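Visitor: Please choose one part of this structure and lead me through it slowly, with its neighbours brought in one after another. I am a first-year student, so I would like each special term explained when it comes up.

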Amino acid sequence: MGTWNSRGLRGSTLEDLINRTIEQYRERHLAVIQKVPTPITPVSIDKATRHITLAYFDQKSTVDYIGAVQGIPVCFDAKECASDTFPLQNIHEHQITFMCEFEQQEGIAFLLIYFSHRSAYYYMRCSEMMKFWNRSLQGGRKSFLISELDPSYFLSEHKGFFVPFLDGIQRDLEDRD
């Protein structure tokens, strides 16, 4: 039996807060976003409880969330970091590819990063993510520091929203103009 702090449960609090925020946005008719399920194939099912006891991943998942905000397609992935250094290995190449292709189709793709040791949420634009990704591909750091991030994209809880990522999207749109 797993423990409460097992690797498999890491990020579940962040996901719960994002899910609550998404529900609030939906109730106020601001956005329709849903969690993308990770595709699995069950191998073994407990017949008594009908629970899956063994399964494998069918394919690589793309991002955690996808939807629309006021007619604008959005997708994002949620990441958690326990230090001031975020390892780029936490972002997978297929996710980078999907997010870049999503933006080429005039959608908005971003990462929501929770720096748990600081209780800080960061909205990372796809273009900013690519800056760090490309730096690593060119032999530079395989991570980025919190001090390298744009301070104006840190999110603050307000209006009762736990993770107000629509503020990040608004700022992102303004900076694109």
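Guide: What follows is a close look at one strand, then at its partners, and last at some of the parts around them.

Before we start, please note that this is a predicted model, in which local features need a pLDDT of at least 70 and side-chain atom pairs count only at pLDDT 80 or more, while totals for chains, interfaces and linings use all residues. Residues are numbered from 1 along each chain as its sequence is written, and side-chain values use heavy atoms, with hydrogens and water left out.

The chain has 4 helices and 10 strands, where helices (H or I, at least four residues) and strands (E, at least two) are DSSP runs numbered from the N terminus. Read from the N terminus on, these elements follow one another as α-β-β-β-β-β-β-α-β-β-α-β-β-α. Of the 177 residues in the chain, 36% are buried; buried means under 20% relative accessible area, exposed means over 50%, and partly exposed lies in between (1.4 Å probe, protein chains only).

The part I have chosen is strand β8, which covers residues 120–125 and has 6 of its 6 residues buried. If you look at its two faces, you will find Ala120, Tyr122 and Met124 on one side and Tyr121, Tyr123 and Arg125 on the other, and both of these groups are buried.

Now turn to the strands beside it, keeping in mind that strands of a sheet pair through backbone hydrogen bonds, either parallel or antiparallel. Here two strands are said to pair if DSSP finds at least two bridges between them. Strand β7 (residues 108–115) is joined to β8 by 6 bridges, and the two run antiparallel. Within this pair, tyrosine 122 of β8 has isoleucine 113 opposite it. The other partner is strand β10 (residues 154–155), which pairs with β8 over 2 bridges, again in the antiparallel sense. There, tyrosine 122 stands opposite phenylalanine 154, so you can use this tyrosine as a landmark for both pairings.

The turn that leads into β8 also deserves a pause. The hairpin of β7 and β8 has 4 residues between the strands, and serine 119 lies in this loop. Most residues other than glycine have a negative phi. Serine 119, although it is not a glycine, has a positive phi of about 55°. With a relative accessible area of 54%, serine 119 is exposed, whereas Ala120, on one side of β8, is buried.

If we step back, β8 belongs to an open sheet of 6 strands with mixed pairing, in the order β1-β4-β5-β7-β8-β10. The edge strands of this sheet are β1 (31–35) and β10, each of which pairs on one side only. Further along the order, strand β5 (residues 72–81) and β7 are joined by 8 bridges and run parallel, with valine 74 placed opposite isoleucine 108 of β7.

Following the chain back from β7, we reach the loop between α2 and β7, which holds glutamate 106. Its phi is near 70°, another positive value in a residue other than glycine. Glutamate 106 counts as exposed, because its relative accessibility is 68%. Its C-alpha atom is separated by 8.3 Å from that of isoleucine 72, although these two residues are 34 residues apart along the chain.

On the far side of that loop is helix α2 (residues 93–104), whose 12 residues reach 17 Å from the first C-alpha to the last, close to the 16 Å expected at 1.5 Å a residue; the expected span is 1.5 Å times one less than the number of residues. Its buried residues include Gln95, Ile96, Met99 and Phe102. They cover an arc of only 130° around the axis, which means that they sit on the same side of α2; the arc is that of the directions from the helix axis to the C-beta atoms. On the other side of α2, Glu93 and Gln104 are exposed.

A similar reading can be made of helix α4 (residues 165–176). Its 12 residues should span 16 Å, and its end C-alpha atoms are 17 Å apart, which agrees. Among its buried residues are Phe165, Leu166, Gly168, Ile169 and Asp172. Seen down the axis, the buried residues of α4 fall within an arc of 155°, so they line one face of the helix. In β8, where we began, both faces are covered.
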